[in-house]
Amino acid sequence: MNKPTLVILAAGMGSRYGGMKQIDGVGSHGEPIIEFSIYDAKEAGFGKVVLIIRKEHEAAFRKALTDKIEPHMEVEFAYQDMSDIPADITVPEGREKPWGTTHALLACRNIVHEPFAIINADDFYGKDAYKVIYDFLTTEVSDGHYAMVGYPCMNTLTDHGTVTRGICEKDENGNLTHIVEVKEIARKDGHAIYKDGEEWKPLADDTLVSMNFWGFTPAVFKDCEAIFDNFIHTEIKENPMKCEHVIPTAVGELVQNNKCTVKMLSSNDRWFGVTYKEDKPLVVARIQEMKDLGVYPDVLWK
């Protein structure tokens, strides 16, 4: 069997961050978070990385990232194209927002032919998470039997605003039973809260959430294509400029319809990321601390 592939969602616009946070440097040599993710995946045993980007950003990604990685690991680009939608649907005039991560996932449906993990470009998941998902992808994954690496909600919040998270529930066998996207979750007085309508309610700090770290086989593409097709035919009429479909929602639908099982995996490492520019100093400090402790070499690719 071919080695698993790492797929990275890197086509987002970063509106809350105010720029291309996917390749914004956080390491001592200007390394973005995504570079540490690729390094961790290579060490875990992954054979290739596929970056899902917008075509117009390719030159920037090559300069900032892939030119130095390609001598050490195979790299391919997949392009999230706004016009890659059913033939009877027209992109609304003036729309710039991508169609969401389910649509982004489909951008690599003709490139990835082996079991794969998929992650966000701007999330730091930790070395252990890649080892855990690699073990699953090489020993257990099958068509319709997938996995997700989850994190306690409180460990994924920022002090600088709200975040969107997929709230998860699992059964006694450790399989995902329900996942719902909650768009406004925040930290207040050291605890997690979420917005329900106009009211803020408490959320258990250890609530398991999805950070878009999934393990799939290529069979997922066909199922997600059907889900996205149904979504866009419905929502393009209701919210033509901003409607989007995300992977947690797609997986939740597959689980509810008994089309797949999703094993809930956990990592010993702590997640962190850069949702807002104000998050960056903390990320920079944590990366440097790990270099100082020898978790990472000073220069990743030698």
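This briefing covers two backbone outliers and one pocket. The model is predicted. Most residues other than glycine have a negative phi. Aspartate 189 departs from that sign, with a positive phi of about 55°, and asparagine 258 likewise has a positive phi, near 60°. The pocket described is the second largest, with about 260 Å³ of space.

**Residues with positive phi**

- Aspartate 189 is not a glycine, yet its phi is positive, at about 55°.
- The loop that holds aspartate 189 runs between strand S8 (176–188) and strand S9 (191–196).
- Aspartate 189 counts as exposed because its relative accessibility is 70%, and the cut-off for exposed is over 50%.
- Asparagine 258, also a residue other than glycine, has a positive phi near 60°.
- Asparagine 258 sits in the loop between helix H6 (247–256) and strand S12 (261–266).
- With a relative accessible area of 71%, asparagine 258 is exposed.

**Second largest pocket**

- The space in the second largest pocket comes to about 260 Å³.
- Its lining consists of 19 residues.
- Leu157, Thr158, Asp159, Asp279 and Leu282 are the lining residues that lie nearest the centre of this pocket.
- Strand S7 (163–170), strand S13 (272–273) and helix H7 (280–292) each contribute at least two residues to the lining.
- Helix H7 gives the largest share of the lining, three residues.
- By residue class, the lining divides into six nonpolar, six polar and seven charged residues.

Key. Residues are numbered from 1 along each chain as its sequence is written. This is a predicted model: local features need pLDDT of at least 70, side-chain atom pairs count only at pLDDT 80 or more; totals for chains, interfaces and linings use all residues. Side-chain values use heavy atoms; hydrogens and water are left out. Helices (H or I, at least four residues) and strands (E, at least two) are DSSP runs, numbered from the N terminus. Buried means under 20% relative accessible area, exposed over 50%, partly exposed in between (1.4 Å probe, protein chains only). On a 1 Å grid over the protein atoms alone, a cavity is a set of points where a 1.4 Å probe fits but cannot get out, and a pocket is an open set with protein on both sides within 12 Å along at least five of seven lines; lining residues have an atom within 4 Å of a point. Grid points are joined across faces, edges and corners, and a volume is the space filled by probe spheres set on the points. Ala, Val, Leu, Ile, Met, Phe, Trp, Tyr, Cys and Pro count as nonpolar, Asp, Glu, Lys and Arg as charged, and the others, Gly among them, as polar.
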